[in-house]
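Let's go through some of the labels people put on a structure and ask what earns each one. Grab a coffee and have the viewer open.

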Amino acid sequence: MKSEFIEDTLAKIKQSIQSDVFIDVEKSKVELKDLSTKGDWKSLLETICAFLNTDGGIVICGVRERNKKYSLTNFNRNNESNLIDLQSKFFYDDADKFIDLSDHIYFDYETFLDGEIAVIAVYPLSDEEKFLRYDTVYYERKLTQDKVIPASKILQQKEYKIEIEYAKELAKVADATIEDLSLDKINYYINLLNKEIRNETLKPSHEQAKSFLSKQHFIKEEAVTTLGMLVCGDDPFHFLSSRVEVNCYYDTSDDIGKDKKLFRSDVINLMEDTFRYIWGHIKINRTIREGGKSEPEYPEKLLRETINNALAHRDYTIDNFVTVNVEPNQYIEIKNPGSFKEKIKLVHTETDIVIRRLIPSIPESKNPKLASVLKVFDKIESQGRGMASLVNAALDNVIDLPTYEIKEGNISLKINTGKLVDETIETWLEGFGVYIITKLKSELTFEHKAVLAYFYKSELANRQRLFSVLLTESNNHFIVIDALKKAGLIVEHPSTTEENPVYVLDRVLIKTDFTDEFIQLLGNEYIHYDVAAKQILNIIYLYSKHNRKALKAAEITPEVYRRLHGKEIVGKIYETLGRKVRNLCNKFEKEGVLTKGAKNDYSFNFDYKSENTLF
């Protein structure tokens, strides 16, 4: 029964016992149980219930860990019947029925050191089977602990199961027969299943594969289903048309540079072909560090996960293709047929602060059985991870804020290149430096910056009718969000609820345009200033008011350039702008709007009285 993961875990425990050097193996998918008391057996059942309801895991029975030291207690074979009963006598569904879990729970004995242990392998339930309960309680795995599932999450899952009761992925494919499924693909899938401990024989003919295909929902009443054609179809495009098509574009805004590729295949090959296309068209930098290590523009794992999720969860009832657009140095856009259900969207446009957020981790897969199959192929992970991975990548500063656009029967995801905490954000935060530190009562850490940047850019995106993923204490940076909330640097939006708290920035931080203040101080002539002059004054005003810092013209120019021309520096334009910034700063200083320090740095003169004579 032993998989590589089980063997590696047991080897670490053995090494730890023999060397007397503690190696922690208890992770989210590993649990040790002594089983020498009745309490241990209750704890075992809670853990297995949590594994079933989350991402699976292994339980090693007969090893105890106390005070960072392992000891072998052995498994008593007199308890063998309890192991066998795990598959059928402890876990209930919503109808109060015991569920046959022989395809989800496996166990075996292992000789270990000078004794014997039992290893239990638990595979997660598919999305439409969750949740089960032990006794009267539903459990889920949170890191290394078994936690009670909140009532709201259980209700969401029940509603989801009602929605997918007649799963569209199980619709029969017109004119397709079992012979239209590839026997090679069927047997390849069986080989993958067998690697996960299952014991399914390879099929020499379609006739002998019928029982297996029916069990896997690849056929229904001997008719091929959409699921079966997506996974094992010999020529899926012939039967499913654009539903198994991905159109990829590399757009340099120059017809000569455009590159289009069209892929038509089963869902597994579509995932691989689409990834290879994108990977071949993104920028791969070389670093000076670590002997010229390559640094791709986007993380490989994130790209794979995003592509796979797009194809796993798209609406296969819509006969339309997926579109992928690679815009050099800007973004990757994946456009999927369909839409999100209303329950996943938080839209509040009636307030001054517009909110368009997507709630992660709500059951959303339109194709739960396809999702289960793709987990066997190691193509997707647990439900809700796609959005969480995008958020984490942004907070880790390897991409900029990801956004979704929902319109015209399509969901468009943009993964923006660059960094969440970029130069613009650094300038913004520095401009409010004294204000922030005074409220926070500590220096800003990178984690503080990342969360503030996420809320700031989310609000700007939401104003442009784009959705961002909801960021809360429950899914990211609990300690940081709590600290920012206590400091008053983020506040709850009126749309917030107990289940889905919505945070926005302290309104002082969001104000970077001081037009009203300038009109009051400088008069209506300010309206006619050119855009560069307005940006210069905005930047100096911000730093003077909220950071008490004077700026040199050379420090002002980069931010004015970014605001007017973007990130890409064009030498002549930058030099011309630099001269203009110096001239305007001198002019404003002579007019008394700015004051000049000993280091040729400028501050805003808040005592200036306008006579409406400027320009």
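Q: Why is Lys441 called exposed?
A: In this predicted model, the relative accessibility of Lys441 is 72%. The cut-off for exposed is over 50%, so Lys441 counts as exposed.

Q: Where is Lys441, and what makes its phi worth a look?
A: Lys441 sits in the loop between helix H14 (433–440) and H15. Its phi is near 60 degrees, a positive value in a residue other than glycine.

Q: What makes Glu408 exposed rather than buried?
A: Exposed needs over 50% relative accessible area. Glu408 comes out at 71%, so it counts as exposed. Glu408 belongs to the loop between strand E21 (403–407) and strand E22 (410–416), and its phi, near 55 degrees, is positive although the residue is not glycine.

Q: Is Glu459 buried or exposed, and how do you know?
A: The limit for buried is under 20%. Glu459 has a relative accessibility of 2%, so buried is the right word.

Q: Which helix holds Glu459, and what does that residue touch?
A: Glu459 is part of helix H15 (residues 446–463). Setting aside neighbours within four places in sequence, Glu459 is in contact with Ile353, Arg357, Val504, Leu505, Arg507 and Ile510.

Q: And Glu4, buried or exposed?
A: Glu4 has 69% relative accessibility, and with the exposed cut-off at over 50%, it counts as exposed. Look for Glu4 in helix H1 (residues 4–19). From Glu4 to Asp235 the C-alpha to C-alpha distance is 35 Å, with their positions 231 residues apart in sequence.

Q: Why are Cys232 and Cys248 called buried?
A: Buried means under 20%. Cys232 has a relative accessible area of 0%, so it is buried, and Cys248, at 0% relative accessibility, counts as buried too.

Q: How many disulfides are there, and by what rule?
A: A disulfide takes a pair of cysteine sulfur atoms within 2.5 Å. By that rule the count is zero.

Now for the helix pairs.

Q: Why are H19 and H20 called oblique?
A: Helix H19 (residues 531–546) and helix H20 (residues 553–565) pack at about 125 degrees, with their axes 10 Å apart. Roughly perpendicular covers 65 to 115 degrees and roughly antiparallel starts over 145. The angle of H19 and H20 fits neither range, so the pair is oblique. Their crossing is right-handed.

Q: What makes up the contact between H19 and H20?
A: H19 brings Val531, Ala532, Gln535, Ile536, Asn538, Ile539 and Ile540, while H20 brings Ile556, Glu559, Val560, Arg563 and Leu564. Sorted by class, the H19 and H20 contact has eight nonpolar, two polar and two charged residues.

Q: How do you know that H18 is roughly perpendicular to H19?
A: The axes of helix H18 (residues 515–522) and H19 cross at roughly 95 degrees and come within 11 Å. The perpendicular range is 65 to 115 degrees, so H18 counts as roughly perpendicular to H19. Glu517, Phe518, Leu521 and Leu522 of H18 make the contact with Leu537, Asn538 and Tyr541 of H19. By class, the H18 and H19 contact has five nonpolar, one polar and one charged residues.

Q: Why are H9 and H10 oblique?
A: Helix H9 (residues 267–279) and helix H10 (residues 300–313) cross at roughly 140 degrees, their axes coming within 10 Å. Roughly antiparallel needs an angle over 145 degrees, so H9 and H10 stay in the oblique class. The crossing of H9 and H10 is right-handed.

Q: Which residues meet where H9 packs on H10?
A: Val267, Leu270, Met271, Glu272, Thr274, Phe275, Ile278 and Trp279 in H9 meet Glu300, Leu303, Arg304, Ile307, Asn308, Leu311 and Ala312 in H10. In the contact of H9 with H10, 10 residues are nonpolar, two polar and three charged.

Q: What is the omega of the cis peptide bond from Lys130 to Phe131, and where is Phe131?
A: Omega is near 5 degrees for that cis bond. Phe131 is in the loop between strand E7 (115–122) and strand E8 (133–134).

Q: What does the protein look like overall, in numbers?
A: There are 21 helices and 28 strands, and 51% of the 615 residues count as buried.

Conventions:
Residues numbered from 1 in each chain as written. Predicted model: local features only at pLDDT ≥ 70, side-chain atom pairs only at ≥ 80, totals over all residues. Heavy atoms only, no water. Buried < 20%, exposed > 50% of the residue type's maximum accessible area, 1.4 Å probe, protein only. Axes fitted to C-alpha atoms, helices over the stretch in contact; angles between N-to-C directions. Helix = DSSP H or I, 4+ residues; strand = E, 2+ residues; numbered from the N terminus. Parallel < 35°, antiparallel > 145°, perpendicular 65-115°, else oblique. Left-handed = near helix turned anticlockwise from the far one by under 90°. Contact = heavy atoms within 4.5 Å. Nonpolar A, V, L, I, M, F, W, Y, C, P; charged D, E, K, R; others polar.
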